[in-house]
Amino acid sequence: MVIDKKLAKIVPHERQIKFQQTEFYAFVHFTVNTFTDREWGSGTESPEIFDPVKLDAEQWVKAVVSAGMKGLILTCKHHDGFCLWHSRLTEHTVEYSPFGRDIVREVSDACQKYGIKFGVYLSPWDRHSPLYGSGKDYDDYFIGQLTELLTNYGNVFSVWFDGACGEVPNGKKQYYDWGRYYKIIRALQPDACINVCGPDVRWCGNEAGHTRKAEWSVVPARTRDTEKIAENSQQEDNDKFRQRKISAWDEDLGSREILENESELVWYPAEVNTSIRPGWFWHESENDKVRPLSELINIYYNSVGANATFLLNIPPTNEGLFHENDVKRLGEIGDHLRKAFAENITGTADVTYNGTDIKSKILSDSYDDFFIADTPSAVITVKWNSPVNIGHIVLKENIRKSQRVEHFSVEALIDGSFEKIYENTVIGYKRIIRLENIKTQGLRINITDSRTEPTLSFIGIYKGE
Ligand code: FUL
């Protein structure tokens with residue numbers, strides 16, 4: 001019981017809540033690699049090769065919005081060091097390419113115009129900068145770049161720090177001053193989350209779209225050790241890394257058994273990042289390798305629907321547009337989600353806990369008005385006057401009160417008796433339960449094990465076909 005109370009004290013920062021509410025957002029990998037057919041540039045590419053003649057940031061953003069995504073993170077500088085903005089600190093930028101225009105400006109403007117959030121990926125590993133490996137001089141350069149990006153392009157919701165570094169042991173080693181980087185981000189964009197090599201959002205540990213059986217948000221503080229994250233990140237450019245699964249040793253990061261002996265705990269929710277194609281950058285040979293809808297939808301339910309967020313990469317072509325095959329797939333994802341969550345029928349039912357009506361508390365999806373049980377277990381009953389078809393159920397805890405639920409099940413009233421149709425551990429920010437269109441007149445949501453009195457901020461029951 002002591003450990004339970006200790007766990008329930010770990011709560012998110014408001015910026016992490018806002019981030020989690022973004023749920024599903026785009027990654028856009030674009031640089032000189034798009035013109036050289038490579039995944040990692042050497043840093044010696046001439047800006048002369050960069051000329052995406054038809055570039056239209058609004059085309060990207062409209063496609064992103066059509067998928068139901070609420071944000072976009074752009075590779076402002078990848079490992080090759082080429083900057084997609086008019087930096088005053090180097091000439092290795094888009095300004096000195098035949099294309100000339102400031103792409104960060106155009107993409108951040110388009111995001112604002114279509115109402116989605118804008119985020120920046122800035123690779124610490126820089127194969128172009130002569131300062132790389134010098135220590136403080138490179139840190140100064142990097143801080144200068146961060147300052148430009150975080151002051152000139154409006155609100156930034158995420159600063160995504162990649163741990164990848166392919167320098168050979170005898171190559172240039174740069175010891176990044178992470179603490180300094182974090183400080184400037186907090187000063188310039190206090191609402192931005194720092195992802196992966198950062199304290200706010202945790203890399204799920206692979207790039208293939210795999211998730212753990214349970215993605216907990218309360219985890220040991222040591223999982224946030226940036227040096228270790230960077231070490232465990234990509235040190236070589238190959239498919240093997242992109243396809244790797246989570247290793248067995250870190251399959252469970254947050255069960256009660258794991259946390260029991262930890263001295264320091266943190267709120268550090270998971271993000272799943274993967275690409276819509278095999279590569280992160282565009283390759284003509286992959287135009288017909290856009291991943292199937294069913295695969296992407298599965299990743300969506302295993303991430304957004306399982307207490308993580310989903311960062312899906314779409315690489316623009318060398319013309320500067322999303323390819324039609326990717327655009328089509330994004331629209332299909334959006335169509336699927338709009339259909340699945342078209343009609344919430346919770347409002348048409350009686351929803352009770354211990355005989356009291358709790359409907360208004362769980363309909364609102366608000367952290368100010370929410371359901372809280374009297375004991376660590378709870379049964380919520382949902383009843384309709386006549387049978388309904390259910391396709392999906394959404395459950396959300398009030399994460400301002402931490403994540404408390406450790407085990408729950410759902411039963412459906414079928415042929416006069418309740419049958420268990422689902423069970424799992426984590427609810428957290430959001431759990432989506434996919435059902436094969438169950439016909440029922442009632443549900444029982446049983447919270448069977450919790451760290452302390454469980455909360456629910458939302459129950460959504462969506463009509464099936
Ligand atoms: C990796 C990088 O090396 C890839 O090129 C890509 O940017 C991916 C998101 O992270 O570590």
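A polar contact is a pair of N or O atoms within 3.5 Å; within protein, one atom must be able to donate a hydrogen and the other to accept it. The exercises below concern a predicted model.

**Exercise 1. Determine which polar contacts the side chain of E39 makes, and whether E39 is buried or exposed.**

Solution.
Step 1. Locate the residue: E39 sits in the loop that connects α3 (33–36) with α4.
Step 2. Assess its accessibility. The relative accessible area of E39 is 8%, and buried means under 20%; E39 is therefore buried.
Step 3. Examine the side-chain partners. The side chains of E39 and H283 are joined by a polar contact of 2.8 Å.
Step 4. Include the backbone: the E39 side chain also reaches the backbone nitrogen of W280, at 3.1 Å.

**Exercise 2. Identify which residues surround the ligand and which polar side-chain atoms lie 2.8 Å, 2.9 Å or 3.4 Å from an oxygen atom of the ligand.**

Solution.
Step 1. List the surroundings: F27, H29, W40, H78, H79, Y121, D162, A164, E207, Q234, N273 and W280 surround the ligand.
Step 2. Assign the distances to ligand oxygen atoms.

| Residue | Distance from polar side-chain atom to a ligand oxygen |
|---|---|
| D162 | 2.8 Å |
| H78 | 2.9 Å |
| Y121 | 3.4 Å |

Step 3. Relate this to Exercise 1: W280, whose backbone nitrogen is reached by the side chain of E39, is among the residues around the ligand.

**Exercise 3. Test whether the end-to-end distance of helix α12 agrees or disagrees with its expected span, and describe what covers its buried residues.**

Solution.
Step 1. Helix α12 covers residues 324–340, which is 17 residues.
Step 2. At 1.5 Å a residue, the expected span is 24 Å; the end C-alpha atoms are 24 Å apart, so the two values agree.
Step 3. The buried residues of α12 are D326, R329, L330, G331, I333, G334, L337 and A340.
Step 4. Their cover includes the strands β1 (24–28), β10 (308–313), β14 (378–396) and β19 (458–463), together with the helices α4 (57–66) and α11 (293–303).

**Exercise 4. Place L330 within the largest nonpolar core and state which domains contribute to this core.**

Solution.
Step 1. The largest nonpolar core holds 102 residues, and L330 is one of those touching the most other members, along with F24, L72, L74, I103, F161 and Y181.
Step 2. Helix α6 (residues 136–152) supplies the largest share of this core, seven residues.
Step 3. Domain 1 (2–340) and domain 2 (346–463) each give the core at least three residues.
Step 4. Beyond its neighbours within four places in sequence, L330 contacts A63, V64, S66, A67, M69, I276, L312, I314 and F322.
Step 5. A separate second core has 31 residues, including A378, I427, L435 and I445.

Terms used. Residues are numbered from 1 along each chain as its sequence is written. This is a predicted model: local features need pLDDT of at least 70, side-chain atom pairs count only at pLDDT 80 or more; totals for chains, interfaces and linings use all residues. Side-chain values use heavy atoms; hydrogens and water are left out. Helices (H or I, at least four residues) and strands (E, at least two) are DSSP runs, numbered from the N terminus. The expected span of a helix is 1.5 Å times one less than its number of residues. Buried means under 20% relative accessible area, exposed over 50%, partly exposed in between (1.4 Å probe, protein chains only). Contact means heavy atoms within 4.5 Å. A nonpolar core is a set of buried Ala, Val, Leu, Ile, Met, Phe, Trp, Tyr and Cys residues joined through side-chain atoms within 4.5 Å. Domain bounds come from an automatic or database domain assignment. A residue is near a molecule or strand if one of its heavy atoms lies within 4 Å of it.
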